[in-house]
Amino acid sequence: MLLTGCNALPDSGPTEAQVNHTQRDPKKNTVGYGIVQISLDLITLLESESPALFTSLDADNTPRNPGKNDTVGPGDILQVSIYEVGSALFSPTNAGMAAASGGVNIPGASTASTLPPLNVDGAGNIRMPFVGSMHVTGMTTTQVAQAIRTQLKQKSQSPQVVVRIVSDIANSVMVYGGVRHPSRIPLTPNREHILDVIALAGGEEHSNESDEDYIVRLTRNDRIAEMPLKVIENEPAQNIVMQPGDRVQLTFQPRNFSVLGASGQVTETQFTTPTLTLAEAISRVGGPLDSRADPNAVYLFRYENADILRRLGMPIDENATTGPVVYQLDMMNPNGYFLAEKFMMRNGDLIYIANSSSNKFYKFMNLITTILSPGTSMGGIAK
């Protein structure tokens with residue numbers, strides 16, 4: 001009767017034996033997880049893992065137009081200023097002065113004229129007065145000025161031309177998401193990097209939060225890569241040079257982990273610190289309960305990188321990028337505490353502290369005590 005009563009009681013989760021049995025049974029282990037003991041070799045392997053690199057978006061990290069972010073493109077707006085000597089082609093005032101003097105140029109007189117803004121159309125052309133249509137896409141502002149000057153030489157005396165881009169669409173990147181000022185950031189010949197354009201957009205929206213909680217998503221030529229902001233700050237090689245047309249999204253994703261089973265507190269908890277170890281995570285929830293937990297079986301459930309799983313010798317589909325794994329920590333072994341101090345938590349990790357195999361017996365005895373307590377109290381009162 002005692003055994004039957006124990007088996008009929010509900011439980012908060014599997015024991016170590018049940019976890020191991022399910023892992024070995026293909027019918028029950030439908031996700032195909034494996035169990036790996038936490039060791040120094042495992043920690044070394046995990047520390048060697050490299051995140052997806054931004055440099056992979058551009059193998060040699062060379063901009064399409066190195067040092068020439070003043071190249072004109074469709075959508076740009078140009079400001080053209082023309083300086084002329086004598087009878088000015090673009091200045092009605094000076095033309096009137098020449099007419100009043102009998103059509104004779106005034107020696108030494110010069111005129112500066114600023115034309116209305118010129119739009120670069122979808123075909124990459126502008127409409128220049130006294131010149132007509134000119135194709136300017138792919139040219140620098142200096143080259144555009146030289147082309148206009150060449151066209152005006154036969155119409156104006158010693159024309160000098162200055163061109164600048166007042167609205168730079170072709171040489172810009174979009175920065176949006178969790179920044180203070182989402183905007184289009186014009187690039188310059190100074191060759192801005194990814195941290196530069198984030199700073200120009202005002203930086204992180206929540207400046208008091210950890211940089212590890214920000215994910216940078218870079219889209220370039222229909223290819224996408226993501227990386228924590230902190231990694232870019234710590235690894236200069238990932239702070240790549242921006243290219244026209246890049247899109248940078250900053251996303252605030254607070255990191256958290258969950259704890260289930262025989263712990264002091266079943267909860268979901270935020271990291272709140274740049275890094276968090278397994279020992280710190282277990283401590284935050286009160287650790288294993290003495291009355292219920294099996295310290296031999298502290299598990300961490302994670303979807304691990306496929307390359308790591310292959311190096312661990314675990315079977316995984318060749319096209320998979322991640323796979324399920326369960327890391328086990330033995331807290332009855334003093335070495336386990338040192339390992340827990342080195343094992344780093346990741347966003348979305350789930351810690352499960354297994355129930356002791358004797359847990360049901362204690363539950364049953366507590367239930368009997370609860371049932372008998374009122375009768376025992378009443379008997380005491382009757383006496």
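**Questions on a predicted model**

Colleague: Which residues of α10 are buried?
Modeller: The buried residues of α10 (helices being DSSP runs of H or I of at least four residues, strands runs of E of at least two, both numbered from the N terminus) are three in the list that follows. Buried means under 20% relative accessible area, exposed over 50%, and partly exposed in between, with a 1.4 Å probe and protein chains only. In α10 the residues that count as buried are Gly336, Leu339 and Ala340.

Colleague: Within what arc do the buried residues of α10 fall?
Modeller: The view is down the axis of α10, and its buried residues line one face of the helix. The arc is taken from the directions from the helix axis to the C-beta atoms. The buried residues line one face because they fall within an arc of 105°.

Colleague: What does the model rest on, and how many residues does the chain have?
Modeller: This is a predicted model: local features need pLDDT of at least 70, side-chain atom pairs count only at pLDDT 80 or more, and totals for chains, interfaces and linings use all residues. Residues are numbered from 1 along each chain as its sequence is written, and side-chain values use heavy atoms, without hydrogens or water. As for the chain, 40% of its residues count as buried, and its residues number 383.

Colleague: Which exposed residues does α10 carry on the face turned away from its buried side?
Modeller: The buried side of α10 packs against α3 (40-47), α8 (278-284) and β16, where contact means heavy atoms within 4.5 Å. The face of α10 turned away from that side carries Pro334, Phe338 and Lys342.

Colleague: How many helices and strands does the chain have?
Modeller: Much of the contact list joins separated places: residues 24 or more positions apart account for 67% of the contacts with a separation of 6 or more. The secondary structure of the chain comes to 11 helices and 17 strands.

Colleague: Which strands lie at the edges of the six-stranded open sheet?
Modeller: Strands pair if DSSP finds at least two bridges between them. The sheet has the order β1-β16-β15-β17-β13-β14, with mixed pairing. Each edge strand pairs on one side only, and these strands are β1 (34-37) and β14 (267-270).

Colleague: Within that sheet, what is the bridge partner of Gly261 in β17?
Modeller: Strand β13 covers residues 256-261 and strand β17 covers residues 350-355. The two strands pair in the parallel sense over four bridges. The partner of Gly261 in β17 is Ile353.

Colleague: Does β8 run parallel or antiparallel to β9, and to β12?
Modeller: Strand β8 (residues 172-177) is joined to β9 (residues 183-186) by four bridges, and Ser172 is partnered with Pro186 there. β8 and β9 form a hairpin with five residues between them. Four bridges also join β8 to β12 (residues 247-252), with Val175 partnered to Val248. So far as direction goes, β8 and β9 are antiparallel, while β8 and β12 are parallel.

Colleague: How far apart are the ring centres of Tyr214 and Phe252?
Modeller: There are four aromatic pairs in the structure, and rings of Phe, Tyr and Trp (its six-membered ring) pair if their centres lie within 6.5 Å, with planes under 30 degrees apart counted as stacked, over 60 as edge-to-face and the rest as tilted. Tyr214 and Phe252 form a tilted pair with 45° between the planes, and their centres are apart by 5.2 Å.

Colleague: Where in the chain do Tyr214 and Phe252 sit?
Modeller: Tyr214 is buried at 0% relative accessible area, whereas Phe252 is partly exposed at 27%. The pair links distant parts of the chain, 38 residues apart. Tyr214 is in β10 (residues 214-220) and Phe252 is in β12.

Colleague: Why is the pair of Tyr327 and Phe343 classed as it is?
Modeller: Both Tyr327 and Phe343 are buried. Their ring centres are 5.5 Å apart and their planes stand at 65°, so the pair is edge-to-face.

Colleague: Which residues is Ser81 in contact with, leaving aside neighbours within four places in sequence?
Modeller: Ser81 lies in strand β2 (residues 77-85). Ser81 counts as buried because its relative accessible area is 14%. Apart from those neighbours, Ser81 is in contact with Ser113, Thr114, Gln160, Val161 and Val162.

Colleague: In which loop do Asn221 and Asp222 lie?
Modeller: Neither is a glycine, yet phi is positive in both: about 50° for Asn221 and near 65° for Asp222. Asn221 is exposed at 56% relative accessible area, and Asp222 is exposed at 79%. Asn221 and Asp222 lie in the loop between β10 and β11.
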